[in-house]
Amino acid sequence: MAKGFGIRARCQGFGWPRDPGAPEISRPATGSKRRFIDRAVGKLLFIAALAAIVAVFFIIIFLLRDGYQIVLETGPWNFLAGMEWNPTGRNPAYGVFPLITGTIQVMALAMVIAVPLSIGSAVFIAEIASPRTKSVIKPAIELLAGIPSVVYGFFGLILLTDWIRVAFDQPSGSSWLAGSILLAIMAIPTITSVAEDAISSVPGEFKEGSLALGATHWQTIRRVIVPGALSGISAAIILGMGRAIGETMAVLMVTGNAAVIPDPIYNVFSPVRTLTGTLGIEMGEVAFGSTHYHALFGVAVVLLFITLAINSAARVIITRIQGTQGTARPAPSGRMKAAIQRSAPYRAIIGAASRITCAASAPFGRLVHPGTSQRCAFALVSLSVAIVIAALGVILVEIIVNGAGAITWEFLTGSPRDLGRAGGIFPAIVGTFYLVGGALAIALPLGIATAIYLIEYTADTALTRSIRAAVDLLNGTPSIVFGLFGFAFLVLFLGFGVSLLAGQITLGLMILPTIIRTTEEALRSIPGSLREGSYALGATKWQTIWRVVLPPATPGILTGAILSIGRAAGETAPIMFTAAIFSTRFLPSSLTEPVMALPYHLFVLTTTVPGAATQSYGTAFVLLMLVLAIYLAAILVRRRYSQATVI
């Protein structure tokens, strides 16, 4: 009765009387008008859903259009396998092999550092931590994802490279090692989050069976839970690789940017240059239409296809995992429990637990007592979490302690002077809000409309799968590629120039996948019984969506919007070539003018303006606090929504 009354209450706008027992029932208008509105809304939502496919199509087309000419000029083999990248030399060379090698080297070492720390953190959160500890550790690790990449680069350039130089007695700390350490820290939240979800999704019956056979908690984790979650952990590592390969600003600022292959190949103190770093350094200075210009777009094409291949592999694995979970996670009672017990995964895992117990009971089956082994393992797992939290703490303390002293009223409300060494950052703060606000105004309606169409208006068809694939491809596209697309299509082809509008559209495309995915999840969480009750009361599909489905899904949609705001506010690469300028005393008066932005201002201050350390710390502090406040708001909204759902 309560649920039915709630549905009727939400449907008051359809024309039902407020008193359910009233003798006269005023039903909503019927006939052709309602059918026309429903069809019109469905068509509009379909058009919005095609935006993702159109965006992917234009990105690929414009990159290929400007990039294929270098292949025609040098040949595909010379371009991909050439050992020298020197576009501005007397005899220009356009071989990207050193750039590919540098990208893979930085990513590989970053994974060597990040994977054990991430898996250890995921195991700690999922299996060891108490609920109270988990409620603190998990958001803290997620905050690492909220730190803008340019702030990571600033931290690396100021502190990390200097530490490497002193600790290892090197002439310069800008190196392959510095880039890998930063990328490892940046990849940890992604790997930890996905791996923790995979570990938590292992059926509890497996764990209970192993413990019932005498295995210790650590033996169960090592031999039962981790093997059961191996596919999800693999997907987490692949996603972390994609995150590392697509990063621009951090590696650009700390790797030394020398287009050479280290000699010897394992020399981690050698400077290297990545594909993304090359685009960030050279694109702003290249002559339009030159061979160098086309070579850079060729680099972008190589980068795009590498990241798409990695993210596609992760998507395939995650899809298989979800399919397996969808058939293996019903309530384990009666026949279902018997079916689970007869299943091959269950027999294999219980067999592993049996072997653990047998080995533990054999006279020479163990050299270390299981209790001692468990204490050592738990200590190492706890140490991995401590290292991750310590990395977050060092970054926050370095920026906050040194940046808070630069915050004055003049700094927050004034305009920059003396190349940013004096004055304030007010135009950069306002410009950042202009960019983020415009991006959200573009992406939010498109994202919500696309998600509504995918969830409410269509089944699992080829078109639906194409739209979702396009969304996934957009989500995996490096931010620097969005910047190049905006430069080629919006700035040059459409003639927008470097302007606020070009930056807003570019950022809008970048955050569109996040809004679509979070809105989809929010809509899926609404029980189907609410929809059925609304239809039974005579509401149309659109009336049901508008009055019944969207209101309870609003917290989830709001979370996605907040996360998108945080990402857009901290990005530098997409606005470098489309919207941002370093210094101006005035705010933009129209969408056709360029703007200052906090991330780009910090990047230029740090890399090209000597004697601006105080202003750099102050800018980094303001940007960091802004973005972390946004991400913290998203975490609080999610937690409150989860608690409300449980209640």
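**Figure 1. Surroundings of threonine 248 in the predicted model.** In this predicted model, threonine 248 has a relative accessible area of 2% and is therefore counted as buried, the cut-off being under 20%. Threonine 248 belongs to the loop that connects α10 (230–245) with α11 (249–254). When residues up to four places away in sequence are set aside, threonine 248 is in contact with Thr276, Ser479, Ile480 and Ala573.

**Figure 2. Glycine 566 in helix α23 and its contacts.** Helix α23, which spans residues 541–570, contains glycine 566, a residue that counts as buried at 2% relative accessibility. Leaving out residues up to four places away in sequence, glycine 566 touches Val627, Ile630 and Tyr631. Proline 148 is 418 residues from glycine 566 along the chain, yet the C-alpha atoms of the two residues are separated by 8.7 Å.

**Figure 3. Backbone features of the loop between α11 and α12.** This loop, which leads from α11 to α12 (275–282), holds proline 264, and the peptide bond that joins aspartate 263 to proline 264 is cis, with omega near 0°. Asparagine 257 is found in the loop between α11 and α12 as well, and its phi is near 55°, a positive value in a residue other than glycine. With a relative accessible area of 19%, asparagine 257 falls under the 20% cut-off and so counts as buried. For context, most residues other than glycine have a negative phi, and most peptide bonds are trans.

**Figure 4. Aspartate 418 between two strands.** Aspartate 418 is placed in the loop that runs between β3 (416–417) and β4 (422–423). The phi of aspartate 418 is near 50°, which is a positive value for a residue other than glycine.

**Figure 5. The bend in helix α18.** Helix α18, made up of the 32 residues 426–457, reaches 45 Å from its first C-alpha to its last, a span close to the 46 Å expected at 1.5 Å a residue. At alanine 443, α18 bends by about 25°, and proline 445 follows within four residues.

**Figure 6. Enclosure of helix α25.** Helix α25 (residues 598–608) is largely enclosed by the rest of the structure, because nine of its 11 residues are buried. The buried residues are Leu598, Pro599, Tyr600, His601, Leu602, Phe603, Val604, Leu605 and Thr606.

**Figure 7. A nonpolar surface patch that includes valine 394.** On the surface, Ile158, Leu159 and Val394 form a nonpolar patch, and together these residues have about 210 Å² of accessible area. Valine 394 is located in helix α16, which covers residues 370–404. The relative accessible area of valine 394 is 43%, so this residue is classed as partly exposed, a category that lies between the 20% limit for buried and the 50% limit for exposed.

**Figure 8. The protein chain as the setting for the close-up views.** The protein chain has 26 helices and four strands, and of its 647 residues 51% count as buried. Among the contacts in the protein chain with a separation of 6 or more, 78% are accounted for by residues 24 or more positions apart. The chain exposes about 28,600 Å², of which carbon and sulfur atoms supply 65%.

Technical notes:
Residues numbered from 1 in each chain as written. Predicted model: local features only at pLDDT ≥ 70, side-chain atom pairs only at ≥ 80, totals over all residues. Heavy atoms only, no water. Patch = residues over 30% accessible without salt bridge, like charges linked within 9 Å, V, L, I, M, F, W, Y side chains within 5 Å. Areas by Shrake-Rupley, 256 points an atom, 1.4 Å probe, with all protein chains shown as cover. Salt bridge = Lys/Arg side-chain N within 4 Å of Asp/Glu carboxyl O. Buried < 20%, exposed > 50% of the residue type's maximum accessible area, 1.4 Å probe, protein only. Expected span 1.5 Å × (residues − 1). Bend = angle between axes of the 7 residues up to and from the residue. Contact = heavy atoms within 4.5 Å.
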